[in-house]
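Dear colleague,

I am passing on a structure that I would like you to look at before we next talk. Please open it first, and then read my notes beside it.

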Amino acid sequence: MLIDLYSDTATQPSEGMRRAMASAPVGNGPVGEDTLTNTLVEKVADILGKEAAIFLPTGTMCNAISYRYHCRPGDEVIADKTCHSIHSEAGGASALSGVLFAVVNGRRGLFSGTDVEALVRHPPSPIRPRSRMVVIEQTSMRAGGAVWPVLAIEEVAAIAKRYGLAVHMDGARLFNAVARTGSPAHAHAGPCDSVWIDFSKGLGAPVGAVLAGSKEFIEECWRWNAQFGGAMRKPGILAAACLYALEHNVERLAEDNDNARWLARELSQIDGIEINPAEVDSNILIFDVKGVGVPAAILHDLLLHQGVRVGVFGKWDMRVVTHLNISREQLTTVVMIFDRLISSVRSGEIVCKESSGAGVY
Ligand SMILES: *Cc1c(COP(=O)(O)O)cnc(C)c1O
């Protein structure tokens with residue numbers, strides 16, 4: 001069976017989750033008649049320490065609606081160079097809300113109040129874009145799952161507020177950060193005006209994300225939601241999966257984090273792989289395979305042939321992500337396959353010149 005480390009979107013809804021979905025009552029979502037959705041948003045708002053929340057189909061839509069709420073066309077958003085909205089949302093922030101990005105050259109996706117201050121357009125001028133918003137990605141996905149400490153979030157938010165900027169948290173993997181830091185989710189979310197969590201990644205649900213903030217923010221979100229077409233009619237079946245995930249799949253994320261750190265330690269022992277296990281904060285590893293002597297895309301194909309799927313993140317960079325459906329035992333097999341394969345490639349026993357181009361993230 002394929003060991004799928006391409007992404008934590010590869011999680012499978014469990015039997016229990018599927019049962020919860022099968023027996024879920026449903027009602028009309030947009031008019032507040034879907035009881036499970038109501039329960040879900042109340043629970044998430046509570047966990048994040050916010051007044052209200054809204055259930056949306058995807059995290060991308062949570063970001064899209066937040067840009068629309070916080071910004072007007074021509075406004076500028078301060079975000080790290082690795083930000084998901086910059087690379088993986090098909091330019092939605094500019095297409096749908098007309099915003100520009102002021103890009104921070106951060107460190108592993110993290111940045112400081114000083115970095116924000118360097119980019120903020122101050123004093124305001126009629127000929128400059130208006131700085132409106134800062135994005136904090138918890139965890140920082142393209143930067144190898146780096147975790148923002150709560151103190152760093154507070155520091156950035158304090159500076160942002162000084163200049164009247166909104167603070168938005170893309171919390172796709174916030175619970176992985178909670179597991180790593182031991183600080184509760186509301187401590188991470190507290191300094192942010194808007195924050196969302198994703199259910200279709202490590203939490204194992206098929207669909208769903210919840211965006212939270214003030215009551216006024218969520219009321220406006222309903223409006224943008226109607227425009228964007230994300231108002232779901234019978235969302236109870238999906239909310240049931242998310243409620244199940246909150247109950248069963250949150251605490252266990254610590255296991256994914258630990259597995260990733262373990263895997264990083266094992267892989268760092270293999271000649272040709274460059275990774276610092278101490279920098280693996282959560283469930284994502286991005287590592288350099290230049291020393292193997294073949295590009296990551298080729299190594300990807302060779303690994304796939306042996307039943308291991310990884311992500312290609314650049315010519316020499318590979319990504320693996322641990323999750324709900326990956327056990328330590330499977331990772332032991334993965335290490336063995338990497339080890340054998342890489343030594344065969346390095347010794348010239350396996351020669352492979354072309355890649356299929358699959359697996360590129
Ligand atoms: C996956 C992801 C998103 C988008 O979430 P979807 O539910 O797939 O739309 C946004 N930000 C980050 C950091 C992500 O990893």
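Below I describe the ligand and its surroundings, then a salt bridge, and then some points about the backbone.

This is a predicted model, in which local features need pLDDT of at least 70 and side-chain atom pairs count only at pLDDT 80 or more, while totals for chains, interfaces and linings use all residues. Residues are numbered from 1 along each chain as its sequence is written, and side-chain values use heavy atoms, with hydrogens and water left out.

The ligand is surrounded by 13 residues, of which the closest are Thr60, Asp170, Arg173, Asp198 and Lys201; a residue belongs to these surroundings if one of its heavy atoms lies within 4 Å of the ligand. By class, this shell has three nonpolar, four polar and six charged residues, where Ala, Val, Leu, Ile, Met, Phe, Trp, Tyr, Cys and Pro count as nonpolar, Asp, Glu, Lys and Arg as charged, and the others, Gly among them, as polar. At least two residues of the shell come from each of α3 (59-70) and β7 (194-198), helices (H or I, at least four residues) and strands (E, at least two) being DSSP runs numbered from the N terminus.

Which atoms of Thr60 and Arg173 does the ligand approach? An oxygen atom of the ligand is 2.6 Å from an N or O atom in the side chain of Thr60, and an oxygen atom of the ligand is 2.7 Å from an N or O atom in the side chain of Arg173. Taken alone the ligand exposes 380 Å², and the protein buries 88% of that (accessible areas come from the Shrake-Rupley method with a 1.4 Å probe).

Arg173 also forms a salt bridge with the side chain of Asp8, at 2.7 Å from N to O; the term stands for a side-chain nitrogen of Lys or Arg within 4 Å of a carboxyl oxygen of Asp or Glu. Because Arg173 lies in the loop between β6 (166-171) and α8 (174-181) and Asp8 in the loop between β1 (3-4) and α1 (15-22), the pair ties together parts that are 165 residues apart in sequence.

As for the backbone, most residues other than glycine have a negative phi, and most peptide bonds are trans. A cis peptide bond, with omega about 0°, joins His122 and Pro123, and Pro123 is found in the loop between α6 (113-119) and β5 (131-137). Ala90, in the loop between α4 (84-87) and α5 (92-97), has a positive phi near 55°.

Best wishes

Methods: A polar contact is a pair of N or O atoms within 3.5 Å; within protein, one must be able to donate a hydrogen and the other to accept it, and residues adjacent in sequence count only if both atoms are side-chain atoms.
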